[in-house]
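Here is a short briefing to read alongside the model. Have the sequence and the 3D view open, and follow the residues as they come up.

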Amino acid sequence: MPQFDPLKYAYVSHRNVVYAKKGMACSTSPIASQVGIDILKSGGNAMDAAVAMAATVPLTEPTGNGLGSDCFALVWTGGKLYGLNGSGVAPKALSAEVVRTAGYTAVPLDGWLPTMVPGAPSAWAELRRRFGTKSMAELMAPAMEYAREGFCIPVNVYRQWKEETVRFTAAAKREPEVFGPWMEYFTKNGQPYGPGETFRNPDYAKTLQSLADTDCESYYRGEIMEKIVAFSRKTGGFFTERDFEDYRAGWVEPITVNYRGYDVFEMPPNGHGITALMALNLLKGLDLTGGKECADTYHKMIEATKLAFVDAKRFVADPRYMRTKVADMLSERYAADRRRLITDMAVYPEAGDPACGGTVYFCTADGQGNMVSFIQSNYHRFGSGVVIPGTGITLQDRGANFSLDPSSDNFLEGGKKSYHTIIPGFLAKDGQPIGPFGVMGGFMQPQGHVQVVVNTVDFHMNPQESLDAPRFQWVGEKKVQLEREVPAYIAQELAVRGHQVEIVNSNLDMGRGQIIWRMSDGTLVGGTEPRADGTVAVW
C-alpha cells in the first residue's frame, strides 16, 4: 500500500470542460453526480435527477446541508423557467423578545433559536409532482442504499467536518441534551471521521423510507414531524405541530435583468439573488475592457457588488413584509443613481433608497432540453447542531439571518421567512436557454454569481475556466479578500485605491460552483468547482 497524504497537493491540478449529449449532472459530491446520471439513464428527466441528488447530498455532504435544510430551484422545461421556493418559516412561538430574553443581541447560530421549519422535503415533493416522471421511492432509493452501506468521506468535507467537531464538542458540554445527538451521529467517540473513512447513517435511510412512502407528507403531517416536535418540546425548542402542518413550498416567478445581451435569472426575495442582478445592472454601464486580470476590473466589480449588497441587506425580507419593490431595486434609474458612486477609489458603502423618484449547489440537464439549477443549505455548515434522534435529521440555522431591529423588514417574527443567502442562477439569450449555474457559500454566493457571469459574458471563458478563475470576496466596509492566485500587482493597486486587502490561503470559503451550458446543437458542456470535491457526471 503506497503511503500518501490526502490533504497535501503540491502541484496545480488542471480540469477540462466536459461534454455530453444525453445528460449531465454537476455537483460537489461525486456520489450525488453519479446518482443523478443513473436516474437519467433509467429513464428519468432532469427534474427527477435533481430530486434524487437533493436526497443524496445531505448524506454525502452534511457539512453543507441536511434533511432539515431549505432549498431553492430554477427549472427550465417546456420553454419556460419556473422558480421553486423551499425556504422555511420561523416557529410561531419564536420572537425577537424570546431571543433577547435568552441573553442575545443577535440570533445565534447554534441551538434551537435559529432553527426554522425546514422547506427542502416539501420542495422535493412539489418538484417531483409537477415535473417528475418517477416515484419518490425510485428517487430516494440510491441515497437510502448509501446511507445503509456507507460512503467514503471526501477530503474537503472532512476539513469542514473536523472544524465542526470542535464547535459542537464545546456545545455538547454546555447543553448535552440538545447537542449530544450530534456527537453520537457525527463523531467516533468524540473524534471526527477521517478522509476516506466509511460513514453510515441507517436512521437517515429510515427517514427517507418514510418520505418515500408518503411523498414527504410524513415530514409535515405525520411521524417525522411528530419526532421533531417531541424533541423540540423535550429540549427547549419552539416547534409545534401547527408550524409544520401549515407549511408548503411554493412556486414563484423568477426575476431577471439583461446583462450585455444575456438574460440573467435569479430567485426573488426572500433570497438575495437580487444582489447579483443589482450588481450586474451597475456593471453593464461600466467599461471592463481592460481585461479580467486588471486592477480596474476588480475594483469596479468590488464596488458594484458591495453597493448592491448593502441595499439587499437593508431591503430583502419575506416578500409579504417587504416595503421596497423589487422593480424599483432593479430599475435602470436606480442603477444609474448608484453607478455614480463608483469612482477610482473604494467607497464606504451605505444603502440607498430604491423607492425614491459552510450550502450545496448542483445542476442537471437531460437530452430533452430540461434543466434544473438547485441549491440546498443548512446555512452554517452542519446548521444549528440540533439532530433529531432516530431520524438522521440535522436542522438548519437559517433564523440567524433575521434582524432584531423592529424597523427592519427582516425583523424576526413567528411564521415569517428570513433573509436567505442561497441562490440558484440561470442564463438565457434571445429567449433561448443557455443553462443553470450557481456558486454556493453564504454571502459569497451573489458575488460568485457576478464573477461567473462577467467571466462568461465579458471575458468569453468556458465553464471550467470561469470557475477556475481567482475570486474576490467583499466582507464589509472597505474590506476585501483575494485568493492568493490573484496577481500581486492587482492586490497592490487595490490597496492604493483604498481597499483593505486580505490575501486568503484557504479557498474553502470562496465559493463552490457548478455550470452546465447547452450549445446551439443541443450538446451539453459543464464545469465543476476546483475548490470542492465535485465532479461532472455525463451520459
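W124 is a good place to start in this predicted model: leaving aside neighbours within four places in sequence, W124 is in contact (heavy atoms within 4.5 Å) with V51, A54, A55, L67, M136, M140, L208, L211, C216, F374 and Q376. Residues are numbered from 1 along each chain as its sequence is written, and side-chain values use heavy atoms, with hydrogens and water left out. Local features need pLDDT of at least 70 and side-chain atom pairs count only at pLDDT 80 or more, while totals for chains, interfaces and linings use all residues.

**Nonpolar cores**

- W124, M140 and F374 touch the most other members of the largest nonpolar core, which has 116 residues.
- Helix α2 (residues 46–60) gives the most to this core, with 11 residues.
- Another core lies apart from it, with 58 residues that include A312, I434, V450 and V486.
- A nonpolar core here is a set of buried Ala, Val, Leu, Ile, Met, Phe, Trp, Tyr and Cys residues joined through side-chain atoms within 4.5 Å.
- Buried means under 20% relative accessible area, exposed over 50%, and partly exposed in between (1.4 Å probe, protein chains only).
- In soluble globular proteins, nonpolar side chains tend to be buried together.

**Two helices**

- Helices (H or I, at least four residues) and strands (E, at least two) are DSSP runs, numbered from the N terminus.
- Helix α13 (residues 295–315) has 21 residues, which should span 30 Å at 1.5 Å a residue, and its end C-alpha atoms are indeed 30 Å apart; the expected span is 1.5 Å times one less than the number of residues.
- Of the 21 residues of α13, 18 are buried.
- K300 is found in α13 and is itself buried, with a relative accessible area of 15%.
- Beyond its neighbours within four places in sequence, K300 is in contact with L283, L286, D287 and L288.
- Helix α8 (residues 202–214) has an expected span of 18 Å for its 13 residues, in agreement with the 19 Å between its end C-alpha atoms.
- The buried residues of α8 include Y204, L208 and L211, and D215, with a positive phi near 55 degrees, follows the helix.

**Strand β4 and Y82**

- Y82 sits in strand β4 (residues 80–86) and counts as buried at 18% relative accessibility.
- Although Y82 and E253 are 171 residues apart in sequence, their C-alpha atoms are 6.4 Å apart in space.
- Contacts of Y82, leaving aside neighbours within four places in sequence, include R130, F131, W251, V252 and P254.

**Positive phi in loops**

- R260, in the loop between β8 (255–259) and β9 (262–266), has a positive phi near 50 degrees although it is not glycine.
- R260 is partly exposed, at 33% relative accessible area.
- Y379, in the loop between β11 (371–377) and β12 (387–388), has a positive phi near 100 degrees and is likewise a residue other than glycine.
- Y379 is buried, at 16% relative accessible area.

**The largest pocket**

- About 980 Å³ of space lies in the largest pocket.
- Among the 26 residues that line the largest pocket, S13, E485, N507, P530 and R531 are the closest to its centre.
- On a 1 Å grid over the protein atoms alone, a pocket is an open set of points where a 1.4 Å probe fits, with protein on both sides within 12 Å along at least five of seven lines, and lining residues have an atom within 4 Å of a point.
- Helix α6 (residues 155–174) gives the largest share of the lining, three residues.

Conventions: Points joined across faces, edges and corners; volume = space filled by probe spheres on them.
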